[in-house]
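Let's take a stroll through a protein model and look at the spot where its ligand sits. Have the structure open as you read, and click along.

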Amino acid sequence: MAANPDRPRRLRRTPALRRLTAEVRLAPSALIQPIFVRDGIDHPHEVRSMPGVFQHSVDSAVQAAATAAAVGVGGVILFGIPSVKDEIGAEASDPDGITQRALRAVVREVGDKTVVMADINLDEYTTHGHSGVLGPGGDVDNDQSIIRFAEVAVAQADAGAHVVAPSGMMDGQIGVIRARLDAAGHQSVAVMAYAVKYASAFYGPFREAVRSSLVGNRRTYQQDPANIKESAREVLLDVAESADIIMVKPALPYLDIIAKVADMVHLPVAAYQTSGEYAMVEAAAAQGTLDRTETIRESLLAIRRAGATSILTYWATEAADAIAGWG
Ligand code: PBG
């Protein structure tokens, strides 16, 4: 009997045929580079658990942003690391706080060549390391925390952020931030909501990167990895509160969630390839267990295939520079 004439292998025969018929493509503009900026240092410090990732001084952060922009990276997102912490994370909303100083310097350098974003959270700035302010019982107080987030958002927008990204997972945070931004004249500053954020072990290396003081976990405000519908609920709330971009985090272990969210919303969907995802690949590659470049490429493609418009990844600048050669 003749073989079936329908042969999928025809389109896999050469690199050129595979390239022509690819359903998903990577582009530098789809990548967002996280940048850590630490107060009081004068040269970059490598993060032990994330080889190749640095805590930057303001000057070296500007360099990192300029390099990212030069290779066409879609955006950079800044995370500030203060020298002094307190109970309410006062420096997070101080016009002279580390994030705001870095924002002004980065925006001055890159202008509109790339999108300049900042993470809104208190965890890097608080002595207890939680994402919000604590109430009398020692729990994170939702409504007090979102007032602080709104103050941080306005400070970041005043410093020139094009996009602010609330990552604290407090209920109602997007609506309050939007209202306070608008009242301060920042109607054009967009909000990228960490709408879906799981309480994940994949954030481990990040906590070292930002010198987190957290003891315990964030399970009373970040999501349970067992849940799917809860993510739909979180997304619908953030859409109703006027989020401009919806983010899902982590990325690779949560491709089902990215796909579901991409189907649900008519907004751009970002996915955060977290510090743990980065560190796993780097560690395995350093041992010779994985091909580093192939694994990076495949993981980024998988996240795009699931439906993410853009990817926050510690490999953004490197990948953007290499993509053309990946075919
Ligand atoms: C909060 C924040 C975290 C990450 C991004 N924003 C840490 C957390 O919620 O514990 C994690 C990023 C990563 O792991 O790469 N500031």
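Of the 19 residues around the ligand, which come nearest? They are Lys197, Arg207, Lys249, Ser275 and Tyr314. Keep in mind that this is a predicted model, and that the values below are computed from it.

**Who touches the ligand?**

Here are three contacts to look for, each one involving an oxygen atom of the ligand.

| Residue | Atom on the protein side | Distance to a ligand oxygen atom |
|---|---|---|
| Arginine 207 | polar side-chain atom | 2.6 Å |
| Arginine 218 | polar side-chain atom | 2.8 Å |
| Serine 275 | polar backbone atom | 2.7 Å |

So how much of the ligand does the protein bury? Taken alone, the ligand exposes 410 Å², and the protein buries 100% of that. The space the ligand takes up is the largest cavity. Two elements give two or more residues to the shell around the ligand: strand E7 (190-197) and helix H6 (204-209). And what kinds of residues make up that shell? You'll find seven nonpolar, five polar and seven charged ones.

**What the record says**

Now let's bring in UniProt. Its unreviewed entry lists Arg207 and Arg218 under "binding site". Arg207 and Arg218 from this set are also part of the lining of the largest cavity. If you want to find arginine 207 on the fold, look in helix H6.

The same kind of annotation turns up for two lysines: the unreviewed UniProt entry gives "active site" for Lys197 and Lys249. They span 53 residues in sequence, yet no two of their C-alpha atoms are more than 5.0 Å apart, so they gather at one spot. The lining of the largest cavity includes Lys197 and Lys249 too. Lysine 197 has its place in strand E7, one of the elements that give two or more residues to the ligand's shell.

**Two backbone oddities**

Before you close the viewer, have a look at the backbone. Most residues other than glycine have a negative phi, and most peptide bonds are trans. Where does this model depart from that?

Start at lysine 249, where the peptide bond to proline 250 is cis, with omega near -10°. Proline 250 itself lies in the loop between strand E8 (245-249) and helix H8 (255-264). Lysine 249 is worth a second glance here, since you have already met it as one of the residues that come nearest to the ligand.

The other place to check is methionine 169, which is not a glycine but has a positive phi of about 60°. You can find methionine 169 in the loop between strand E6 (163-166) and helix H5 (173-183).

Conventions
Residues are numbered from 1 along each chain as its sequence is written. This is a predicted model: local features need pLDDT of at least 70, side-chain atom pairs count only at pLDDT 80 or more; totals for chains, interfaces and linings use all residues. Side-chain values use heavy atoms; hydrogens and water are left out. A residue is near a molecule or strand if one of its heavy atoms lies within 4 Å of it. A polar contact is a pair of N or O atoms within 3.5 Å; within protein, one must be able to donate a hydrogen and the other to accept it, and residues adjacent in sequence count only if both atoms are side-chain atoms. Accessible areas come from the Shrake-Rupley method with a 1.4 Å probe; for residues, only the protein chains shown count as cover. On a 1 Å grid over the protein atoms alone, a cavity is a set of points where a 1.4 Å probe fits but cannot get out, and a pocket is an open set with protein on both sides within 12 Å along at least five of seven lines; lining residues have an atom within 4 Å of a point. A molecule sits in a cavity or pocket if more than half of its atoms lie within 2 Å of its grid points. Helices (H or I, at least four residues) and strands (E, at least two) are DSSP runs, numbered from the N terminus. Ala, Val, Leu, Ile, Met, Phe, Trp, Tyr, Cys and Pro count as nonpolar, Asp, Glu, Lys and Arg as charged, and the others, Gly among them, as polar. UniProt positions are given in the numbering used here, feature names are shortened, and annotations may be inferred rather than shown by experiment.
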